[in-house]
Amino acid sequence: MSKGLFITFEGIDGSGKSTQAKLLAKSLEDSGRNVILTREPGGSSGAELIRKLLVEGPPNRWSAETELLLFTAARRDHIEKTINPSLAAGKIVISDRYADSTRVYQGVTRGELRSSVDKLHELMIVKEPDLTFIIDMDPSVALKRGLSRNSGEDRFEEFGLSFQYKLREGFIELQKDFNSRCIVLDGSEKINSLSSKIYKLVQKKLDD
Ligand code: ADP
Ligand code: TYD
């Protein structure tokens, strides 16, 4: 049985993560690989229920601390029910967002929360991806893309543009801390050229 591989996509809202995650899943499936495409917050039935609490409603519905606990609870369920069993079965797990989103979003929302983020991760999550694609792009373009979707899940996007600029910096900083698994890509590239670059990088990782 082939060894599982855990791939995550990260970046600001509207940067093209979901688009690229889907295209990668399709290319890998077409090449005969067993793939699970999942997302956070969510990715298991319990975590999807928690997702609704997080992404709907007014921006200040939760305190930053409560929000951090909800993201962590959702992730724990996602790992237990979806990620770990799939990796154990030798599948390639592709997650649209994962723990780096908590490090950056909750760290940027309230700087002093970052140590709580790291402690909770050590205590309840632990698992890191094998490969992370950080899709970098200009927040003003990404925000327009994101809001144009009208998904009803815009609680986070509604924090505004300056917040997105801080997030962008946060993701670039994060790459420095986790440079063995994180690759930064230019999200303003055409969808197909970006997806073929990503596919080649994943092939290389699978061949290692
Ligand atoms: P995210 O998951 O990061 O929020 P999406 O993949 O949902 O972003 O993309 C947001 C919007 O931008 C979608 O309407 C999508 O079709 C479009 N989009 C994604 N990637 C690109 C790209 N490289 N160039 C132009 N538009 C894109
Ligand atoms: P998502 O649906 O992926 O948003 P988008 O498709 O717009 O990128 O995620 C919902 C929001 O949740 C998004 O604004 C990022 C935020 N988020 C956090 O703040 N912390 C986290 O740990 C995760 C996973 C997401």
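A cavity is a set of grid points where a 1.4 Å probe fits but cannot get out, and its lining residues have an atom within 4 Å of a point. The model analysed here is predicted. The count comes to one cavity of 30 Å³ or more. The volume of the largest cavity is about 60 Å³. Its lining consists of Leu68, Thr72, Arg75, Ala99, Thr102, Arg103, Val117, Leu120, His121 and Ile125. Three elements each give two or more residues to this lining: helix H3 (64-88), helix H4 (99-109) and helix H5 (114-125). H5 gives the most, with four residues. The lining is mixed in class, with five nonpolar, three polar and two charged residues.

Nonpolar packing was examined next. In soluble globular proteins, nonpolar side chains tend to be buried together. The largest nonpolar core has 17 residues. Those with the most contacts inside this core are Ile7, Phe9, Leu24, Ile94, Phe133, Ile198 and Val202. Both strands and helices contribute two or more residues: strands E1 (5-11), E3 (92-96) and E4 (131-136), and helices H1 (17-30) and H8 (191-207). H1 supplies the largest share, four residues.

Ile7 illustrates the contacts in detail. Leaving aside residues up to four places away in sequence, Ile7 touches Leu24, Ile92, Val93, Ile94, Ser95, Leu131, Phe133 and Val202. Among these partners, Leu24, Ile94, Phe133 and Val202 are also listed with the most contacts inside the core.

A second core is separate from the largest one. This second core has 11 residues, including Ile12, Met137, Phe163 and Leu167.

Terms used: Residues numbered from 1 in each chain as written. Chains lettered and ligands numbered in written order. Predicted model: local features only at pLDDT ≥ 70, side-chain atom pairs only at ≥ 80, totals over all residues. Heavy atoms only, no water. 1 Å grid on protein atoms, 1.4 Å probe; cavity = no way out; pocket = protein on both sides within 12 Å on 5 of 7 lines; lining within 4 Å. Points joined across faces, edges and corners; volume = space filled by probe spheres on them. Nonpolar A, V, L, I, M, F, W, Y, C, P; charged D, E, K, R; others polar. Core = buried A, V, L, I, M, F, W, Y, C linked by side-chain atoms within 4.5 Å. Buried < 20%, exposed > 50% of the residue type's maximum accessible area, 1.4 Å probe, protein only. Contact = heavy atoms within 4.5 Å.
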